[in-house]
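I opened this notebook to record what I looked up, entry by entry. The entries follow the order in which I looked.

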Amino acid sequence: MTVPAGRRSSMYSRLLRHGFTDARAAERLLDAPELSALRADPVLLDSLGATADPDLALLGLVRLVEALDDAPGGSRRRLLDTLIASKPLRDRLLGVLGASAALGDHLARHPHHWEVLATFEVTDMNPGAEDFERALREGMREAGTEDRRDALRIAYRRCLLAVAARDVCGTTDVARCSAELADLAAATLRAALDIAADEAPEDAAACRLAVIGMGKCGGRELNYVSDVDVIFVAEPAGGPGSGGPGAGGAGAGGAGADETGALQAAGRLAARMMRVCSETTAEGTIWPVDPNLRPEGKNGPLVRTLSSHVAYYERWAKTWEFQALLKARPLAGDEALGKAYAEALAPMVWKAAERENFVTDVQGMRRRVVSSIPVAELDRELKLGPGGLRDVEFAVQMLQLVHGRADASLRSGNTLEALRRLSEGGYVGRADAASLDAAYRFLRTLEHRIQLYRMRRTHLMPQAEEDRRRLGRSLGFRTDPPAELAREWRRHAVEVRRLHEKLFYRPLLDAVAQLGPGETRLTSDAARARLEALGYADPGAALRHLEALASGVSRKAAIQRTLLPVLLGWFADSADPDAGLLNFRKVSDALGRTPWYLRLLRDEGAAAENLARVLSAGRLAPDLLMRAPEAVALLGDPDGLRPRPGAALEQEAMAAVGRADSPEAAVAAARGVRRRELFRTSAADVLGALAPEDDPGAAVDAVGLALTDINAVTVAAALRAAVRAVESASGSPLPTRMAVIGMGRFGGRELAYGSDADVLFVHEPLDGADEADAAKAAGQVANELRRLLQVPTSDPPLLIDADLRPEGRSGPLVRTLASYAAYYRRWSLAWESHALLRAAPVAGDADLGRRFVELVDPLRYPAGGLTEEAVREIRRLKARMESERLPRGADPATHTKLGRGGLSDVEWVVQLTQLRHAAEVPGLRTTRTRQALAAAREAGLVDGEDAAVLDEAWVLATRVRNAVMLVRGRPGDTFPADSRELAGVGRYLGYGPGRAGEMLDDYRRTTRHARAVVERLFYGG
C-alpha cells in the first residue's frame, strides 16, 4: 500500500499504530461532518484503538451519529458532548461498537438506546431478573410500536446492550455476565408469557403453567446467543395457592377445569410463548426456546402435570435426563407450581448415581457427543470438542452427582460455583480446580466474543484472519493477536483435556457410584453394618481405624472420608479386608502429611484401587511398602509398575556404593534399591500388570527375570563393597579378579520371591600375583560379601548358598578357574553336570564369567549325549530325592517343589533331555526351563501335548510358590493351612471367594497329568 504524503501521511501512520487495518477508510470517516465535534478530542483515537476492532467501532460510531437528530439541542449533540466529557460512556459505547456488528446495527436502527450506556453507573453491576423485568417493561413502553412482541424484542436488545457494555469493558467478569444473560432470559420468558396470556386469556384462565429453566439458563451461565432450554409443567387452575401463568401469578381462577382441558390450554399457551421469543420479524429475533429436554423429548407431550413428570422420572428416565435436571430451576409462570416441581424432582437427581452403570452411561454419552462432531469442525469446536467447555461441565457434573448424594453443599446448577465447592470439599485438588476455573472462564469469554460479533449461535473458532485478530484484541492481545490467541486457546484446551480425563474417567468414581444409599459417609452404626456385610472379621478394629483416618476437619480427613467408602469395598474384594484397612492406616500415618500422597490417591487414575489391592493381597508387598512408604508413588505412575532394566538398576546401585562411607552403608543402600524393586515387582504381580491375564506363563517369566536382575545387581553391589573392604584392610589392590556364577533358579533366571541365591565363586590371580595371596584375598571377599548381605536390617535378607560348589560344603568356597577345570576333568559326577545346566555369570568380572561358561559347556552339553549308566544314575538320584527329601507330613500331591508333577519333576525331565541332546540341538543350550522345553518340542524330542502338560504344571507350581510368599510374607512349598491365607493364594490364582477346594482340585489334576508324562519320559514307564 502506498503511503500518502503530508498531513495524511502523519494521520495514516497514527491510525495504523492504533490498530486500524483500513487507514484510508478510517481517514474518510473521521473527516465526515458528523464527527466534526470529535476531531479535536485528543483521546478519541486512543479510545478507538483500545477496542477489539477500531475500524468497526469507528464505522458504528459514524452510523449512530448519522441516525441521531442533528437539530440544536438534539440527541446527536447530546451524544457528542457526553462522549467528550464522559470516559465511561466513551469506553462502553466504543467497546460495544468494536466488538459487535450486530449491536452496531441495533444502535443504527434505535439510536436513542445509546443513552442506556450513560444512565447506569459503575456501581450498578448486579442486576437480577426483577431488575431486568422492570427494564423490559420500561423499554417496551418506549419502543415506539404497538406490536408488543416487537416491543419486547427491542427492549430485549436494549437490555442486552447494557450487559455487553459491562462485559467488553471488563467491569463484570464472564461468570457475572453469563448470570446476567440468564436473568435477562428469565425476565424475557416472563414477559413473553404475559404477552401470550394477554393474547389468549381463556387458555391462561384454564391452567397454572410453570416454566422450568434447564441447561445454561437454569444454571445461570447463559451465552449471548443460545437456545433457552425449558420444561413446562401445568395443573388445572383454581387449586389451593394457585396463581396465573405470568411471573407474578396474575392469572384468574378457572376453578374446576378438568386436567385434560387444562393441559391442552397450557400447551397452547406454552407454544404461543415460545413463538413470541423465537419468531423473526423486522426487529429480528430473541432466541429459540427449546423444550426438547422434556420427558420423551420431541415425541413426548409439550406440557405435563407434576404427577406425570414424577411418574416418568421414577420409571422411565435415562441417566442423562437426571444429569440435565441438575440445572433445573423455576424461571417463569406459577411460582408455587415451579417450586413444587423442583422439590419433587431434586431428590431423584441426587439418587441418580446409584443407578446401575451410571458412570459408564455418562462417560458413554460424552464420547457420543465428541464422535458426532464433523471431522472438519473438530479442531475448531470450543464447546463440544476435546478440551472444550463440555469437558469441564461433564467432569464437574459427574463429581457433583457422585458425591452430592451425601454432601448437599455440592448441589449447584452453576459450573464454576460447583467447581469451587468441589475444591473446598476436597473432591478436586486446589491446583486442578484453579486450572479448570481459569480454562473455563477463558473458553466462555472466547465463546461470548465470537457470538457477540454477529449475534449468531456458534461455538466454532472462526477461520478468517480478520476475525481471529478481532477476537485476540478483544482478549487483550496486541503484539500478534491471532497467534497469541491460538497459543492461549491450545494451552487451555490441553489442560482441560488432561484434567477432564483425570477427573471424569478415574476409576474411583465408578466405585463410589456403586455404593448403596447411606454408604457414602461413615456413621458408626452404618459403618459397622457395612463392615460386617463386607466380610470384615473384626468390625470393631476396623471402625477404630476409620475413626483415626476420617475424624477431624482437616483437608486430609476430608479427602480420606471421600476415599474410604470406596477403599472399603476394594479391601472387601480381597481375602483379608482387615489387613488391607490396617495396612492403609499404617501407610497413611506414615505419609498423610506428605502433600502428594492423598492427591495421588484422589486424582491419579487407578492409584487408589492399586494401593487397596496391594495392601489387601498379603504380607510381602505391604511389608516392603511399610519400610519405604514413599514407594506408593509407583502405583500412580503409568510406568511405575514396569520392572526396570538390570543395567539401570546396576548403575543406580553402584553409584550408591560409591557414595557410601563404609561397606555396611554401601550394601544397605544396595539393599534399599532391592527393597524398592521387590515392591515394584510384587505390586505389579498382584495387580496383573506384568503380562496379559490370559497368559500366566508370561507373568511367571516376567517375575523370574525381574527378581533375577534385582538379586544380581544386589550381589554385584555387595561384591564391589566387599572388594573395597578387603582392599582397605590390606592396604593394597585386590590381587585377583572375581566372578560370581549363578546356579539353580538364579542362573536359570527363574527366581521366586522366596528363593535363595545359589552361586559359585571363581577367581583368577592377576599377572604376577602370588597364588596363595590371591586365594586368601578371594576367600576374604566371598566371606565379606556373604556377611554384608546377612547383616540384620529392616530389609529382606538375601541368603547366599554356595553348596553346589565342588566337594560341597567341605570344599573351598572360592576356586580359581584352573582349579575348577582340574576338578571337573578328574572328579566331576553326573549330578554336577546336571547342576551346571543352570550356571550363568551374574556378577563380577564379565570375561572371567564368560570363560567359566566355556569351561563347563562340554560337561553340561556332552558330545554324544549321556551314557546309559549316567542316565540310570540320574534316575536313581531323582528317586532317592523323592523318598528322602520330601518333608515329613507333606502331601506329595500338593508339594509344589518335590511333590508329584511339581517343579522338580518337570525340571528333571527337561534337564535330562538337555544332557542327552543339547550337543546336537542348539535350542536346548539354555539355563531356562520353559525355553528348553519349547526347544525340545520343536526338535521333536517331546510330544507337543506332553510339553503343554509339563509347561502348565511348572507354571502353576511356580505361581503357587510365588502366591504363598506374597500372601504369607515367608516362603513355602505347600498350600497354607490357614483359610484366609489359602483364600489369598486362590485370589492370586484367579479363584473367587469360596473356591479354595476347586483350586486344590485343579492343582492336583494338573500335576497328576504332569506326573504321568514324567513317568513315561523320565523313568521310561
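**Entry: Asp437.** I looked up the exposure of Asp437 in this predicted model. Its relative accessibility is 22%, and since buried means under 20% and exposed over 50%, I noted Asp437 as partly exposed. I placed Asp437 in helix α21, which covers residues 430–454. Setting aside residues up to four places away in sequence, I found that Asp437 touches Leu416 and Leu419. I also looked up the separation of Asp437 from Glu202: the two are 235 residues apart along the chain, and their C-alpha atoms are separated by 48 Å.

**Entry: Met455 and Arg749.** Next I looked at backbone angles. Most residues other than glycine have a negative phi. Met455 is not a glycine, yet I read a positive phi near 55° for it. I found Met455 in the loop between α21 and α22, the latter being residues 465–474. Its relative accessible area is 12%, so I put Met455 down as buried.

Arg749 also has a positive phi, about 55°, without being a glycine. I located Arg749 in the loop that runs between α35 (744–747) and β7 (757–765). Is Arg749 buried or partly exposed? With a relative accessible area of 28%, Arg749 is partly exposed.

**Entry: Gly104.** I then went to helix α7, residues 101–109, where Gly104 has its place. Gly104 has a relative accessibility of 6% and counts as buried. Apart from neighbours within four places in sequence, I recorded Arg63 and Leu97 as the contacts of Gly104. How far apart in space are Gly104 and Arg1005? From C-alpha to C-alpha I have 86 Å, with the two positions 901 residues apart in sequence terms.

**Entry: Thr896.** I looked up Thr896 and found it in the loop between α40 (868–884) and α41 (903–917). Its relative accessibility is 0%, so Thr896 counts as buried. Which residues is Thr896 in contact with, leaving aside its neighbours within four places in sequence? I wrote down Gly902, Leu903, Ala957, Val960, Arg961, Asp973 and Tyr1003.

**Entry: Thr926.** I looked up a second threonine, Thr926, which is in the loop between α41 and α42, the latter being residues 929–938. Its relative accessible area is 16%, so I noted Thr926 as buried. Not counting residues up to four places away in sequence, Thr926 touches Leu837, Tyr861, Gln914, Gln931 and Ala932.

**Entry: aromatic rings.** I searched the whole structure for aromatic pairs and got eleven. I took one of them, Tyr823 with Tyr824: the ring centres are 5.7 Å apart and the planes stand at 70°, so I noted the pair as edge-to-face. The cut-offs behind that reading are centres within 6.5 Å for a pair and planes over 60 degrees apart for edge-to-face. Tyr823 is buried, with a relative accessible area of 10%. Tyr824 is buried as well, at 8%. I followed the ring pairs further and found that they link Tyr820, Tyr823, Tyr824 and Phe852 into a cluster.

**Entry: the whole chain.** Last, I looked up totals for the protein chain. I have 45 helices and ten strands. The C-alpha trace spans about 130 × 85 × 55 Å along its principal axes. What is the radius of gyration of the protein chain? I have 40 Å, whereas a compact globule of 1021 residues would have a value near 31 Å.

Of the 1021 residues, 57% are buried. The accessible surface comes to about 41,600 Å², and carbon and sulfur atoms hold 50% of that. I also looked at contacts between residues at least 6 apart in sequence: 73% of these join residues at least 24 apart. For charges, I have 137 positive and 140 negative ones, and their mean positions are 2 Å apart.

Technical notes:
Residues numbered from 1 in each chain as written. Predicted model: local features only at pLDDT ≥ 70, side-chain atom pairs only at ≥ 80, totals over all residues. Heavy atoms only, no water. Helix = DSSP H or I, 4+ residues; strand = E, 2+ residues; numbered from the N terminus. Rg over C-alpha atoms; globule rule 2.2 N^0.38 Å. Buried < 20%, exposed > 50% of the residue type's maximum accessible area, 1.4 Å probe, protein only. Contact = heavy atoms within 4.5 Å. Areas by Shrake-Rupley, 256 points an atom, 1.4 Å probe, with all protein chains shown as cover. Lys, Arg positive; Asp, Glu negative; His and termini not counted. Charge placed at Lys NZ, Arg CZ, Asp CG, Glu CD. Phe/Tyr/Trp six-rings, centres within 6.5 Å; stacked < 30°, edge-to-face > 60°.
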